[in-house]
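Got your viewer open and a hand on the mouse? Let's take a walk through this one together, stop by stop.

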Amino acid sequence: MNPLDLRGVQIRYGRGQTAFAAVAGVDLAVAVGQTHGLVGESGSGKSTLARAVVGLQPVTGGCIRVSGTDVTNARGPALAHLRRRVQMVFQNPYASLNPRMRAGDAIGEALRIHRSDLPAATRERETADLLALVGLDPASAGRWPHQFSGGQRQRLAIARALATGAPVIVLDEITSALDVSVQATILNLLRDIQRQRRLSLLFISHDLAVVRYMSDVVSVMHLGRIVESAPTDTLFSAPLHPYTRALLDAVPRLGAPTGAPLRLAGEVPDPRAPPSGCRFHSRCPVGPQVNAARQSCISNDPVEQLVGPGHRIACHFHGLAAAASTVDGGATAL
Ligand code: SF4
């Protein structure tokens, strides 16, 4: 049983004719002690999905299970179970910390709510231990959030999430607002704590290098769908989906796995009116835009299929991306 399991999750915004699916049927699981990276461009639906996992966003279809319990749109006991088992750290730690609550009180409150059996003295000791664990001076317990730097606030937010004892933590772009040197220390800290405590992390970022560093498994999201999911080494060394390949090729330091780079054409489509069939077909560098015979990309939504150990992909012509060569500044010949 996985600590976190998503099956066919759908999230719709709006009503009637203006309704659209921001998340359109996502399957995803995070195993014990595993970091599952979720990557995609802005507007892909990854943050919406993260908010749904912690109960901040209503789900309109599918199921979210936490340690076997259905917590989809949880209320009552199921919501209490969700809060005890899953916590979230946000991009902006200042917005998620109460400015009128001292650091020690913020952690102490989480301990009081989620581990109410702890005596006050033990709570105080655990607060000091948690501050030390995340690299903050226990003596800083009396400071206000605004007296910490951005990186220190993020450490505080992590300590508060750990205080609940939740085995699953959702991390949404937690380093994107920080300086690069601070990012590295936070990521290393997280990796150490995750290994010590066998935490299950859903790690969301648009930064491929960061996701690669942190994750055991990576899923790539495009317009509300997961288009490819694989063990990290496989995804970065042998991506099969044209979108994954194009994302990797857009980051020069990661290098193109094989052949010349694939390039994305045009803008990300409006999620309120996604393309028919494969939602990527209007930008796909190996799809119907470059080969008219591939009309199935326009008419049929590709079904996810297993193509290797832990490697799933949704593409009618998977593998073409790996063999593609690019000519004339972006037109792809196959
Ligand atoms: Fe490209 Fe067609 Fe595959 Fe979609 S199904 S990614 S359009 S080749």
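What follows is a short tour in selections, and the thing to keep in mind throughout is that this is a predicted model.

**Stop one: the open sheet**

Start by selecting residues 4-13, which make up strand 1, and residues 61-66, which make up strand 4. These two strands run antiparallel and are joined by five bridges. Want a couple of rungs to look at? Show Leu 6, and you'll find it opposite Ile 64 in strand 4. Then show Asp 5, whose bridge partner in strand 4 is Arg 65.

Now add residues 20-30, which are strand 2. Strand 1 and strand 2 also pair in the antiparallel sense, this time over eight bridges. Pick out Arg 12 and look across to Ala 21 in strand 2, which stands opposite. Between strand 1 and strand 2 there is a hairpin with six residues between the strands. Click on Gly 14 there: this residue takes a positive phi near 80°.

How many strands does the open sheet have, and in what order? There are four, in the order 2-1-4-5, with antiparallel pairing. The edges are strand 2 and strand 5 (69-70), each of which pairs on one side only.

Before leaving, select residues 46-53, which form helix 1. Helix 1 lies across strand 1, strand 2 and strand 4, and it runs at about 115° to strand 1.

**Stop two: strand 8 and its neighbours**

Next, hide the sheet and select residues 200-205, which are strand 8. Is strand 8 mostly covered or mostly uncovered? It is mostly covered, with six of its six residues buried. Turn on the side chains and see how they split: Ser 200, Leu 202 and Ile 204 point one way, while Leu 201, Phe 203 and Ser 205 point the other way.

Bring in residues 35-39, strand 3, which run parallel to strand 8 and are joined to it by five bridges. One pair to show here is His 36 with its bridge partner in strand 8, Leu 202. Then add residues 168-172, strand 7, which pairs with strand 8 in the parallel sense over five bridges. For this pairing, show Ile 169 and its bridge partner in strand 8, Leu 201.

Stay on Leu 201 for a moment, since it lies in strand 8. Leu 201 is buried, and its relative accessible area is 0%. What does Leu 201 touch, leaving out residues up to four places away in sequence? The list is Val 30, Gln 34, Thr 35, His 36, Ile 169, Leu 171 and Gln 194. For a sense of scale, draw a distance line from Leu 201 to Gly 142: their C-alpha atoms are separated by 29 Å, and the two residues are 59 apart along the chain.

**Stop three: helix 4 and its two partners**

Two packed helices are described by the angle between their axes and the distance between the axes. Select residues 103-114, helix 4, together with residues 150-163, helix 6. Their axes come within 8 Å and cross at roughly 20°. An angle under 35 degrees counts as roughly parallel, so helix 4 and helix 6 are roughly parallel to each other. Their crossing is right-handed.

To see where they meet, show Ala 103, Ala 106, Ile 107, Ala 110 and Leu 111 on helix 4, then Leu 156, Ala 159, Arg 160 and Ala 163 on helix 6. Colour this contact by class and you get eight nonpolar residues, no polar ones and one charged.

Swap helix 6 for residues 120-133, which are helix 5. Helix 4 and helix 5 pack at an angle of about 120°, with their axes 9 Å apart. These two helices are therefore oblique to each other, and their crossing is right-handed. On helix 4, the contact uses Gly 104, Ile 107, Gly 108, Leu 111 and Arg 112. On helix 5, the residues to show are Arg 123, Glu 126, Thr 127, Leu 130 and Leu 131. By class, this contact has four nonpolar, three polar and three charged residues.

**Last stop: helix 10**

Finish by selecting residues 242-249, helix 10. This helix is mostly covered, with eight of its eight residues buried. Among them are Tyr 243, Arg 245 and Asp 249.

Note on methods:
Residues numbered from 1 in each chain as written. Predicted model: local features only at pLDDT ≥ 70, side-chain atom pairs only at ≥ 80, totals over all residues. Heavy atoms only, no water. Pairing = 2+ DSSP bridges. Contact = heavy atoms within 4.5 Å. Axes fitted to C-alpha atoms, helices over the stretch in contact; angles between N-to-C directions. Parallel < 35°, antiparallel > 145°, perpendicular 65-115°, else oblique. Left-handed = near helix turned anticlockwise from the far one by under 90°. Nonpolar A, V, L, I, M, F, W, Y, C, P; charged D, E, K, R; others polar. Buried < 20%, exposed > 50% of the residue type's maximum accessible area, 1.4 Å probe, protein only.
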